[in-house]
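Let's take a walk through a protein together. Have a look at the whole chain before we zoom in on one spot.

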Amino acid sequence: MARAFLIVLDSVGCGGAPDAADFGDEGANTLAHIARACAEGRAEQGRSGPLHLPHLDALGLGAALRLASGAETPGLAAAPQGLWGAATEVSRGKDTPSGHWELAGLPVPWDWTLFPDETPAFPPEILAEVCRLAGVEGTLANHHAAGMPVIAGYCEEHRQTGWPICYTSADSVFQIAAHEEWFGLDRLLRLCEDLAPILHARRVGRVIARPFTGTCDDFRRTANRRDFAIAPPGPTLLDHVAAAGRASHAIGKIGDIFSMRGVGKLWKGKSDADLFEHLTRLGREAEDGSLTFANFVEFDTLYGHPRDVAGYARQLEWFDAALPRFLARLRPGDLAIFTADHGNDPTWRGTEHTRERVPVLGYGLGARGIGLCAFADVGASVAAHLGVAATGTGRSFL
């Protein structure tokens, strides 16, 4: 039986979302603006010249980008040899769960709870619950922030008081940063796990543990991050695969995003490079008829949010250079789809995700343009390829 690999390059959007202005993101375009910066010599740190993605571009990346937004694509001019198109999201969010659930066939049926961009951001009863669960007398921050600056700003006070650093963003998230030794990693994870049901009942999408180590002058966030996400409110592609008795493999954050529903085996790593090794191995070893669902998060966390254009370009070029090693492991009849869950334009104002269409690229079915489609069509198409019955709003483009 044929196998399917659904691979999400987290935040690699391609502009053109028809409702971008509703999110303050009209004109945002992650891929186009990176390509332009590279072509103009403004992304030379650790790399040089035009954006070089020959393997993704051969599948149709440049063509998908031009279709999605009409943007110029310097360095991305190949004639597509794979399945290619671009997808539009309907869920009212530009966050990780919304994008992934909808890609898996389930648009979000509600509006997420967002915390106001003001200080304080959180209701006092929520912070009182944090204090009760953690056994502390107070919390730090209590406002919108990016991860690294908020740790830098409150690290010394955190060290002295032992109080957790609580912050949020434009997404529906409650994030808690704490030092793995001073506060305790197990304690931080237990705090977030115990707090999550309370916030999920308020339609807050995720409670995220953000551990770090080191000194306040030289700290680093670790790979022990955990997302405690609200469970999908209906069946997704993973549930349908499990119901059909098929094997499924989740790589990276997928287990967290779907609350482990429908996940057969979970494969984690300390970096995207580790996750790519899992993907390559599963290209060789995954069972007949199985689904492998992967998320590569470092595009988003290490380069999108910090607005690091050159770093984002380096990460794209790393993935592209590694890609043939995975594709060589695939069998006749297999389908690999490469897509994204939202944008995170590193040239854009602020530090948040951006509302964008995303590329949809496929390997294994020859050259095929699918035009503009819906996020949910991706899940419906994977289900159709596997011969698995699926519910939801998506329609197969195969």
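We'll start with the overall picture and then visit a single glycine.

First, keep in mind that this is a predicted model. If you trace the protein chain from end to end, you'll come across 13 helices and 14 strands. Its radius of gyration is 20 Å, close to the 21 Å that the globule rule gives for 398 residues, so the chain is as compact as a globular protein of that length. Along its principal axes, the C-alpha trace spans about 60 × 50 × 40 Å.

What about inside versus outside? Buried residues account for 61% of the 398 residues. The chain still exposes about 14,600 Å², and carbon and sulfur atoms supply 51% of that area. The chain also has 37 positive and 48 negative charges, and the mean positions of these two groups are 5 Å apart.

Now for how the chain folds back on itself. Take the contacts between residues at least 6 apart in sequence: 69% of them join residues at least 24 apart. UniProt, in an unreviewed entry, places a feature called "domain: Metalloenzyme" at residues 3–388. The end C-alpha atoms of that span lie 11 Å apart, and the span is 37% helix and 20% strand.

Ready to zoom in? Find Gly234 in the loop between strand 8 (226–229) and helix 8 (237–243). Is Gly234 buried or exposed? With a relative accessible area of 13%, Gly234 falls under the 20% cut-off, so it counts as buried. Leaving aside neighbours within four places in sequence, Gly234 is in contact with Leu106, Asp239 and Arg261. Val382 sits 148 residues from Gly234 along the chain, and their C-alpha atoms are separated by 18 Å.

Definitions and conventions: Residues numbered from 1 in each chain as written. Predicted model: local features only at pLDDT ≥ 70, side-chain atom pairs only at ≥ 80, totals over all residues. Heavy atoms only, no water. Helix = DSSP H or I, 4+ residues; strand = E, 2+ residues; numbered from the N terminus. Rg over C-alpha atoms; globule rule 2.2 N^0.38 Å. Buried < 20%, exposed > 50% of the residue type's maximum accessible area, 1.4 Å probe, protein only. Contact = heavy atoms within 4.5 Å. Areas by Shrake-Rupley, 256 points an atom, 1.4 Å probe, with all protein chains shown as cover. Lys, Arg positive; Asp, Glu negative; His and termini not counted. Charge placed at Lys NZ, Arg CZ, Asp CG, Glu CD. UniProt positions renumbered as here; feature names shortened; annotations may be inferred.
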